[in-house]
Amino acid sequence: MEMLPANNTDKAWENVFMPSICKDLVNVIGQNVQNENLNIMATNGKRKAENNDARNVEPKRSAFSKLTNVNFDHTNEIIIHPDDAVKQRGEPTKRGDKHNDVQQSGAQTQQEAKITMKTTCRKLENSDNSKNITSKGVENVAGTSESIKKPIVASAVENVPPSKKVTENKVNRHRFWTKDSLANMRQKSQKTKELLRIMVPEKKNESKLSRLSNDEEDFDKSNRNDPLHVSQYAMDIFNYLKEREGAFPIDDYMKRQVKLSKKMRAILVDWMVGAQETVEFNNETLYLAVKIVDLFLCKVVINKQKLQLLGATAIFIACKFDNRTAPLIEELVYVCGDKYKYDDFIRMEISTLQTIGFNLGIPLSYEFLRRYSYCGRVATTTLVLARYILEISLMHYDTVSFSDSKTAAAALFIALRMFGVDQGWNFTLEYSSGYKLSDLVETITVLNGVLHRKPKSNLNNIREKYLDKSLYEVARVPLMTTPDLFKDNLD
């Protein structure tokens, strides 16, 4: 017997005994792990089956086919045989072996059993998360001898196809996107457009006049990207204002005002123009205040002592509605020369608003003039001259019953002709206003006659206002006779 060296005793011992010990330990540990996994799997399956509400209900025939939504055509499938599962669990087989332990058939059998049971545990855990396993399915996977008669096929959970129910929901959700349904949607959209075309009224100016052919001449089209001009709605807005003019008729009310006269009204309007510099309100406010005065006088008879109070109260109401800031009543008392008290303005304001029905959305000639000047691309000096003509018309009673849209068009035509424009009323202005020159003949004649009247010394506020250099001194522009205005313009 050969003796081993003393210094190599430990190393030799390891070389002789360690391989066999490691091999036995690996087998024991592997078997214990298998038994623990099998016990955990069986316990979990029984608990799930016991906790399932449908355990006492007779399962349907199709329950097995829906187990974990198995794809039987998948290539990466693992086959678990019933006998192998029974052996691995340590349970008796069908042949009646009551005390047979799990038999080991070599390293290859152990490795296959490990892969099989690990995969089975993973599938059971994933199937529990998907909530598609029934109590019967759990018992089958657990490996009961009575229920398992055929191999169970399990596939990877990540490759599980959607269930039939989910597929049907998707079909129902997207069924509107078929060719037939899209055709129905287009048909419904066309019907909606036809209904809207019927509901929206036809534009009056388009029924009489054709559209402008050149985009540069159409102010709305050339400024469609400017939100301040609201080009998409501008034509509809002013057509609506033209329709609203009929809601505010002003008749010859001086026949009923026995204590007033046309001259008194002219003095009142001239004073309101002078008060504009003191109170500081814009031009729209002035036009609205004059309209309020005329509408009130159409319905209520007053004496001349209350006329100035009415004008000051109209300014107060118009400033509240259209101006940035409203003046204090104390300022109005001062402007009126302390003729009226604070309570007088309050009572007159209440009476005025009740008389006109609180309706202050009155179409104004100044608004129409600004619209026409924009569309016709009129020069600033021409626009200021047209404003001067309009304010002169405010003072004279002969123009109170005229349409504001026609008055604005007539004032613009006169201003164009006074500045030497040969074709005073071109096609662009005709399209934007909706009026031909023949529709404006009467209004133009009256306005031009008002301009030729000799100004009085006590009615000079409007003229002095437009003699200022900031307003281009348009009050000095030479006048034209009525025949000269229509020369080469009226057919």
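**Figure 1. Buried residues of helix α10 in the predicted model.** In α10, ten positions can be picked out by name as buried: Arg 265, Ala 266, Leu 268, Val 269, Asp 270, Met 272, Val 273, Ala 275, Gln 276 and Val 279. The structure shown is a predicted model. What covers these buried residues? The cover includes α11, α12 (307-322), α13 (329-335), α16 and α20 (461-465).

**Figure 2. The length of helix α10, and the residue that follows.** Helix α10 covers residues 262-279, which makes 18 residues. At 1.5 Å a residue, α10 should span 26 Å. The C-alpha atoms at its ends lie 25 Å apart, so the expected span and the model agree. Look next at Glu 280, just after α10. Glu 280 takes a positive phi of about 65 degrees.

**Figure 3. Thr 352 and its contacts.** Thr 352 sits in helix α14, which runs over residues 342-355. Is Thr 352 buried or exposed? Its relative accessible area is 0%, and buried means under 20%, so Thr 352 is buried. Which residues does Thr 352 touch? Leaving out residues up to four places away in sequence, the contacts are Ile 292, Phe 296, Leu 310, Thr 313 and Ile 317.

**Figure 4. The largest cavity.** Rolling a probe the size of a water molecule over the atoms shows where empty space is left. A search of the whole structure turns up four cavities of 30 Å³ or more. The largest cavity holds about 190 Å³ of space. Its lining is made of 17 residues. Nearest the centre of this cavity are Lys 291, Leu 394, Thr 399, Val 400 and Asp 404. Three elements give two or more residues each to the lining: α11 (283-297), α16 (380-395) and α17 (404-418).

**Figure 5. The lining of the largest cavity, sorted.** Which element gives the largest share of this lining? That is α11, with four residues. By type, the lining residues divide into eight nonpolar, five polar and four charged. Two domains contribute: domain 1 (253-356) and domain 2 (365-486) each supply at least three residues to the lining of the largest cavity.

**Figure 6. The whole chain, for context.** The close-ups come from a protein chain with 21 helices and two strands. The chain has 491 residues, and 39% of them count as buried. Now take the contacts in the chain between residues at least 6 apart in sequence. Of these contacts, 79% join residues at least 24 apart.

Terms used:
Residues are numbered from 1 along each chain as its sequence is written. This is a predicted model: local features need pLDDT of at least 70, side-chain atom pairs count only at pLDDT 80 or more; totals for chains, interfaces and linings use all residues. Side-chain values use heavy atoms; hydrogens and water are left out. Buried means under 20% relative accessible area, exposed over 50%, partly exposed in between (1.4 Å probe, protein chains only). Contact means heavy atoms within 4.5 Å. On a 1 Å grid over the protein atoms alone, a cavity is a set of points where a 1.4 Å probe fits but cannot get out, and a pocket is an open set with protein on both sides within 12 Å along at least five of seven lines; lining residues have an atom within 4 Å of a point. Grid points are joined across faces, edges and corners, and a volume is the space filled by probe spheres set on the points. Ala, Val, Leu, Ile, Met, Phe, Trp, Tyr, Cys and Pro count as nonpolar, Asp, Glu, Lys and Arg as charged, and the others, Gly among them, as polar. Domain bounds come from an automatic or database domain assignment. The expected span of a helix is 1.5 Å times one less than its number of residues.
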